[in-house]
There are 2 protein chains.
Amino acid sequence: MGESDATQHTAEGAGPSRIQRRNRARIIEAALDVFSQHGFRGATLDQIAERAGLSKPNILYYFTGKEEIHVTLLNQLMDRWLAPLRRLDPDGEPLEEILTYVRRKLKMSQKYPRESRLFANEILQGAPRIAPHLEDDLKPLVDAAAATIQGWIDAGRIAPTDPRHLIFSIWATTQHYADFEAQVGVLMEGRAATDGAERFLTTLYTRMLRSDQG
Amino acid sequence: MGESDATQHTAEGAGPSRIQRRNRARIIEAALDVFSQHGFRGATLDQIAERAGLSKPNILYYFTGKEEIHVTLLNQLMDRWLAPLRRLDPDGEPLEEILTYVRRKLKMSQKYPRESRLFANEILQGAPRIAPHLEDDLKPLVDAAAATIQGWIDAGRIAPTDPRHLIFSIWATTQHYADFEAQVGVLMEGRAATDGAERFLTTLYTRMLRSDQG
DNA sequence: GTGGTCTTTTACCAAATGGTCAACTTAACG
DNA sequence: CGTTAAGTTGACCATTTGGTAAAAGACCAC
């Protein structure tokens, strides 16, 4: 947001110093831990400072406030989050494309559960800080993906359904394993949730989309 | 928790007074608003007090603290939340039973979005206050439901799949419309999300479970 | 209406929290 | 090695927040 220039403390021409890069990275990493676990209002600068191994004033030397840390985190997150959807290829084999998308989404949930929870927290709270991103970045992407899927349906290459609800269901089912881990853990004790999830979702979307239906 | 007796202020034999019932209800209602929107730590007693139309000390006359309000809310929620799953009838027509369950779950999301978000917040945070309920109430219910579904699969009446992941996917897809409403709203502008959701989910689970697959 | 109980409020507190500032230390570089 | 800018910190502050004490007010049975 704002000037978005990280060189606020260094000379004009040069980029951020070695120390700046290291400490900013530490803060972001610590903040991801804390924000994803407690939400924005539940997180404290003291917690972030402790986890980052820095003093609180030192953190405020690198970021102008709690809010800026959170916004920075969300901005970084959006890029990574939208990447899989960008790779949906209109020229690919439809079912294979969608299944690949499902698997990528699921892997992201498993590899980056904190990011998933951070995002979930933000949306749950009504997206107060990320709403512009949803309009500007996410919506066009979803519109494009929906058009691609609709094209496949019109060509009779996958079974007809509402593309947008299809996308929602993929998000919901994949992110569920990260966002509701506390619940999944209790109910799947002993069983391997991860392997089962990929097999289940592959089956679900294969049966849903095979083109000999309608 | 504790004695769980609401008559802490009234005479031994009698139940809670008319005023107690009214004010407790107001507090619970206000707290549902505030907790579901901001999470436990993000909510303040002042916000709850204002929305309830009572003073803060007056609220603490009816509840011993912020935590007790939250726990009371979660306890009430669990009953309503688990009801649909209890109605899954092993002797019913399998596909119809599951579709009915899906529709009931979806209707609950639409009718009680605040409750859905309250629950999502709690689980996201690691279920610190509701973990016992998950073990004691939810788990046995899910075990029973999974057994019922497995029975249907073994009898060849629905297509084979993992019952537990099936249940997770139903929760995820239905609650998504309440918990991620801020996102769904942006992406579905103009379109009617509600109607589309029921049709989509009916199609999804019909195709998933029709017994001529394996 | 009077006595006693239930309910509500005013005033207050201690702890937590986001943030500031001036002084101090460390790194960079000619 | 000395000077300058970058980086760090202890002390501090204002506000918010969960919670308390005690007195005042409302309600009810008699």
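Student: How far is the side chain of Asn23(B) from a phosphate oxygen of DNA strand C?

Tutor: An N or O atom in that side chain sits 2.9 Å from a phosphate oxygen of strand C. Such a polar contact is a pair of N or O atoms within 3.5 Å; within protein, one must be able to donate a hydrogen and the other to accept it, and residues adjacent in sequence count only if both atoms are side-chain atoms. Note that this is a predicted model, where local features need pLDDT of at least 70 and side-chain atom pairs count only at pLDDT 80 or more, while totals for chains, interfaces and linings use all residues. Side-chain values use heavy atoms, without hydrogens and water; residues are numbered from 1 along each chain as its sequence is written, and chains are lettered from A and ligands numbered from 1 in the order in which they are written.

Student: OK. What about Tyr62(B) and Leu45(A), how do they sit against that strand?

Tutor: Tyr62(B) uses a polar side-chain atom, 2.6 Å from a phosphate oxygen of DNA strand C. Leu45(A) uses a backbone N or O atom, 2.8 Å from a phosphate oxygen of the strand. The elements giving two or more residues to the surface near DNA strand C are H3 of chain A, plus helix H1 (18-42) and H3 of chain B. Helices (H or I, at least four residues) and strands (E, at least two) are DSSP runs numbered from the N terminus.

Student: How many residues are around DNA strand C, and which come nearest?

Tutor: There are 22, and Arg18(A), Leu45(A), Ser17(B), Gln20(B) and Tyr62(B) come nearest. A residue is near a strand if one of its heavy atoms lies within 4 Å of it. Of the strand C atoms within 4 Å of the protein, 62% belong to sugar or phosphate, and the rest to bases.

Student: And DNA strand D, which residues are closest there?

Tutor: DNA strand D has 22 residues around it, the closest being Ser17(A), Arg41(A), Tyr62(A), Leu45(B) and Lys66(B). For strand D, 67% of the atoms within 4 Å of the protein are sugar or phosphate, and the rest are in bases.

Student: Which elements supply at least two residues of the surface near DNA strand D?

Tutor: Helix H1 (18-42) and helix H3 (56-62) of chain A do, and so does helix H3 (56-62) of chain B. Several polar contacts go to phosphate oxygens of strand D, among them 3.0 Å from a side-chain N or O atom of Gln20(A), 3.3 Å from a polar side-chain atom of Asn58(A) and 3.2 Å from a polar backbone atom of Ala43(B).

Student: How does the surface near DNA strand D split by class?

Tutor: It has 9 nonpolar, 9 polar and 4 charged residues. Ala, Val, Leu, Ile, Met, Phe, Trp, Tyr, Cys and Pro count as nonpolar, Asp, Glu, Lys and Arg as charged, and the others, Gly among them, as polar.

Student: Leaving the DNA. How many helices and strands does chain A have?

Tutor: Chain A has 10 helices and 0 strands. Its C-alpha trace spans about 65 × 45 × 30 Å along the principal axes, and 53% of its 214 residues count as buried. Buried means under 20% relative accessible area, exposed over 50%, and partly exposed in between (1.4 Å probe, protein chains only).

Student: Where is His70(A), and what does it touch?

Tutor: His70(A) is in helix H4 (residues 66-86) of chain A. It counts as buried because its relative accessibility is 2%. Leaving out residues up to four places away in sequence, His70(A) touches Phe35(A), Phe40(A), Leu118(A), Glu122(A) and Arg129(A). Contact means heavy atoms within 4.5 Å.

Student: And Tyr112(A), where does that lie?

Tutor: Tyr112(A) lies in the loop between helix H5 (94-111) and helix H6 (113-124) of chain A. With the sequence neighbours up to four places away left out, Tyr112(A) touches Arg80(A) and Trp81(A). Its C-alpha is 8.2 Å from that of Ala178(A), 66 residues away in sequence.

Student: What is the phi of Ala127(A)?

Tutor: Near 55 degrees, a positive value in a residue other than glycine. Ala127(A) is in the loop between H6 and H7 of chain A, and counts as buried because its relative accessible area is 2%. Ala127(B) also has a positive phi, of about 55 degrees, and is not a glycine.
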